[in-house]
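Could you walk me through this model in the viewer, one selection at a time? Tell me what to pick next and what is there.

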Amino acid sequence: GLALTAAPATAAADPWRVVEAATGKGLRWRDLTGRLAKCDAVFVGEQHDDPETHLLEARLVADLHRRVGERLVLAMEMFERDQQGALDDYLHGRVDEATLAKTIALWKNYPTDYRPMVELAREKKLAVVASNAPQKHVRQVGRQGLAALDALPAAERAHVAACVHAPAGDTYQKRFYATMEGMSSSHGGGGGDALLRRIYEAQCVRDDTMAESIERALTPGKVVVHVNGSFHSDAGLGTAARLRWRRPLGLSVAVVKAVPVKGDVAAADPAPLRGEADYLVFV
């Protein structure tokens, strides 16, 4: 009987299991938000289709806002740079939500999964940065390679990072290729090295553009929370590495990885994920 009555209280206090990845030690939720409040940039790596992760993100943004107030900036992979004007119009009450949804293509799971964060930002008058490169340009690079960016008119080119680099042979590229090859073998796909290279270049367009967007938002005193698919920040690579490259000195960055588990979060083993983030949150 005791366990049953105790469970809801602990669930309310610490809804998820937080682990400091390097040491494997458990952390209280409030200690996590206390540490993150001292950072300049916080990456929250998610699985896009996991609803529990989105509850975690909304709670994290709300609790960080309680700590840092108007210094908080929300930045999201789910919005593209050329959508910033429409997003700002909505945040500032110039248009309603129906108009926003007509003006830009919101992600399918926006109403259930991302809307709570945006609504909190709107209510608290926080900036929301549309950090990603426009999908149409990412697709062009996937078809034609990075040279496709050179053909863009200046106004369109500005929606993509000024500097996009896609180094061959580094850890990130090897990880990306391994992931893509795993996916193509399970889907019976293929297409060879040239295609894989272009898909990697398209990934780098996203990473560099998101990193540049975050870097621009990092005015003194701000705490930027960037919500992105986990691969973009796992092991501090991808977007996180490119942010550090743009701001090499004196930047405090934390990577949080949401880890969905089936069954009991207490039974999940953090050891294999030790190098993947600063903080693991098992949901």
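Here is a tour in a few stops, through a model that is predicted.

**Stop one: the strands at the start**

Select residues 17-20, which make up strand 1, together with residues 279-282, which make up strand 8. The two run antiparallel and are joined by four bridges. To find your bearings, click arginine 17: opposite it, in strand 8, is phenylalanine 282.

Now add residues 25-27, strand 2. This strand also pairs with strand 1 in the antiparallel sense, over three bridges. Valine 19 is a handy marker here, as it stands opposite glycine 26 of strand 2. Strands 1 and 2 form a hairpin with four residues between the strands, where glycine 24 has a positive phi near 80°.

**Stop two: the largest pocket**

Next, select His48, Glu77, Gln203, Arg206 and His232, the residues nearest the centre of the largest pocket. The lining comprises 24 residues, and the space within is about 590 Å³. Colour strand 4 (72-80), helix 10 (171-187) and helix 11 (192-217), since each of these supplies at least two lining residues. Which element gives the largest share of the lining? That is helix 10, with four residues. Colouring the lining by class shows 10 polar, nine nonpolar and five charged residues.

**Stop three: serine 233**

Move to the loop between strand 6 (223-229) and helix 12 (238-246), and pick serine 233. Is serine 233 buried or exposed? It is buried, because its relative accessibility is 0%. Show side chains and look for the 3.0 Å polar contact between serine 233 and asparagine 228. Leaving aside residues up to four places away in sequence, serine 233 touches Phe43, Gly45, Asn228, Val255 and Glu276.

**Stop four: two unusual backbones**

Stay in that loop between strand 6 and helix 12 and click alanine 235. Alanine 235 is not a glycine, yet its phi is positive, about 60°. Most residues other than glycine have a negative phi. With a relative accessible area of 28%, alanine 235 counts as partly exposed.

For the last selection, go to the loop between helix 6 (110-124) and strand 5 (128-132), where you will find lysine 125. Lysine 125 too has a positive phi of about 60° without being a glycine. Why does lysine 125 count as exposed? Because its relative accessibility is 75%, and exposed means over 50%.

Notes: Residues are numbered from 1 along each chain as its sequence is written. This is a predicted model: local features need pLDDT of at least 70, side-chain atom pairs count only at pLDDT 80 or more; totals for chains, interfaces and linings use all residues. Side-chain values use heavy atoms; hydrogens and water are left out. Two strands pair if DSSP finds at least two bridges between them. On a 1 Å grid over the protein atoms alone, a cavity is a set of points where a 1.4 Å probe fits but cannot get out, and a pocket is an open set with protein on both sides within 12 Å along at least five of seven lines; lining residues have an atom within 4 Å of a point. Grid points are joined across faces, edges and corners, and a volume is the space filled by probe spheres set on the points. Ala, Val, Leu, Ile, Met, Phe, Trp, Tyr, Cys and Pro count as nonpolar, Asp, Glu, Lys and Arg as charged, and the others, Gly among them, as polar. Buried means under 20% relative accessible area, exposed over 50%, partly exposed in between (1.4 Å probe, protein chains only). A polar contact is a pair of N or O atoms within 3.5 Å; within protein, one must be able to donate a hydrogen and the other to accept it, and residues adjacent in sequence count only if both atoms are side-chain atoms. Contact means heavy atoms within 4.5 Å.
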